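Work through the exercises below with the sequence and the 3D structure at hand. Try each task before reading its solution.

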Amino acid sequence: MAFLWSKKKQESEGAETVTDTPEKPKTSLLGKMAQGLMRTRSSLGQKLGNLLAYYDKIDDEFFEELEAVLISADMGVVATEKIINTVRERCKNEKISDTARIHELLRGCISDIMRAEAPDEVYPLLILVVGVNGVGKTTAIGKMAYRYSLMGKKVLLAAGDTFRAAAAEQLEVWAERSGAQVVRHGEGADSAAVIFDALSAARARGVDVCICDTAGRLQNKKNLMDELAKVGRIIDRNWEGEKQTYIVLDATTGQNAISQVKMFNEATKLDGIVLTKLDGTAKGGVAVAIKEEFDLNVRYVGVGEGKEDLLVFDPEDYSANII
Ligand SMILES: Nc1nc2c(ncn2[C@@H]2O[C@H](COP(=O)(O)OP(=O)(O)OP(=O)(O)O)[C@@H](O)[C@H]2O)c(=O)[nH]1
Ligand SMILES: [Mg+2]
């Protein structure tokens, strides 16, 4: 029910008019996270529920079934093995033999895997946002801009996606919505040149946070990676402040998110993940696999299309909602 409500809310937000002054978010973060992850819970939670309805006692067969359930939730073989081993060990040491405590044990393991020190944000801060097309990069940038504006930061957006016709316009709408400035060139311009100009503008105007959009698709993968490498070189040479590169992953893609991380990791050093569309997916467990395989933390989760639908990642909320 909460999921349906959250869908309705997004539809009405989609039709909102652009405002200059950001207002305070109204819904509690935990509430939004719960709404967003509701589908995730019903999928993994349902399978787990079925399993627990069948097994009262924890034994080898139960662990085999549990392993299959976790893998089917995109958690990956390595993370699943780690979770199973930890739960097995705790059951042995604490003499837990009935399945009633499995939820609590699993949540503990998942939070432990996903826990990360929140990075100390130093300003001026540059955030480079990468990811394949359609995952929600521009939307995430808009939401981050709104969040930083609410914190009283001066934000500038760089329209580095010069490939797609409407990309810069979309970013401009988000800039207006969040009270941010924008640097753009015409369509087909050199992405690295836009970023170069944005960095100069950010320095000259005393901007606190400069967020750079990038193309999700070019003629081919090599062009995309070459362009990203070039943008990376421009930033390295022209930005002395703090820099973070976030990959945006669409939670509905499941396992494919892993190959995306691999691909972008080769072109640029990734510092974190924005996991989007958790409001509309039965997946999201792939973040556990990625954390385990690449030691890459989720920084934000996207739970809708509105400017307030970005949450700072919380491992306890995440694990409590995923199971
Ligand atoms: N439900 C939901 N939709 C989202 C979320 N984030 C983005 N979207 C939608 O996903 C679609 C694609 O988002 P964009 O931000 O344009 O994606 P992009 O990665 O910038 O795409 P390209 O510029 O084409 O590479 C849009 O319709 C967004 O409104 C989210 O967290 N939840
Ligand atoms: Mg975009």
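The exercises go from the whole chain to its core, a helix pair, a ligand and one loop residue.

This is a predicted model, in which local features need pLDDT of at least 70, side-chain atom pairs count only at pLDDT 80 or more, and totals for chains, interfaces and linings use all residues. Residues are numbered from 1 along each chain as its sequence is written, while chains are lettered from A and ligands numbered from 1 in the order in which they are written.

**Exercise 1.** State how many helices and strands the protein chain has, and what percentage of its residues is buried.

Solution. Helices (H or I, at least four residues) and strands (E, at least two) are DSSP runs, numbered from the N terminus. The protein chain has 12 helices and eight strands. A residue is buried if 20 or more other C-beta atoms lie within 10 Å of its own, exposed if 12 or fewer, and partly exposed in between, with C-beta atoms placed from the backbone. Of the 323 residues in the protein chain, 45% are buried.

**Exercise 2.** Describe the largest nonpolar core and name the helix that gives the most to it.

Solution. A nonpolar core is a set of buried Ala, Val, Leu, Ile, Met, Phe, Trp, Tyr and Cys residues joined through C-beta atoms within 7 Å. The largest one has 91 residues, and Ala145, Leu157, Cys210 and Ile211 have the most contacts inside it. Helix α5 (residues 102-114) gives the most to this core, with seven residues. Contact requires C-beta atoms, placed from the backbone, within 7 Å. Beyond four places away in sequence, Ala145 touches residues including Val155, Leu157, Trp174 and Ile211.

**Exercise 3.** Find how helices α4 and α11 are oriented to each other.

Solution. The axes, lines fitted to C-alpha atoms over the stretch in contact, with angles from 0 to 180 degrees between N-to-C directions, come within 8 Å for α4 (residues 77-93) and α11 (residues 286-294), and cross at roughly 95°. Therefore α4 is roughly perpendicular to α11, a label for angles of 65 to 115 degrees. Val78, Ala79 and Lys82 in α4 meet Val288, Ala289, Glu292 and Glu293 in α11.

**Exercise 4.** Which residues come nearest to ligand 1?

Solution. A residue is near a molecule if its C-beta atom, placed from the backbone, lies within 6 Å of it. Of the 21 residues around ligand 1, Asn133, Gly136, Thr139, Gly216 and Gly302 come nearest. Helix α6 (residues 137-150) supplies the largest share of the shell, three residues.

**Exercise 5.** Is Glu187 buried or partly exposed?

Solution. Glu187 is found in the loop between β3 (181-183) and α8 (191-204). Glu187 is partly exposed because 15 other C-beta atoms lie within 10 Å.

Note on methods:
Parallel < 35°, antiparallel > 145°, perpendicular 65-115°, else oblique. Contact = placed C-beta atoms within 7 Å.
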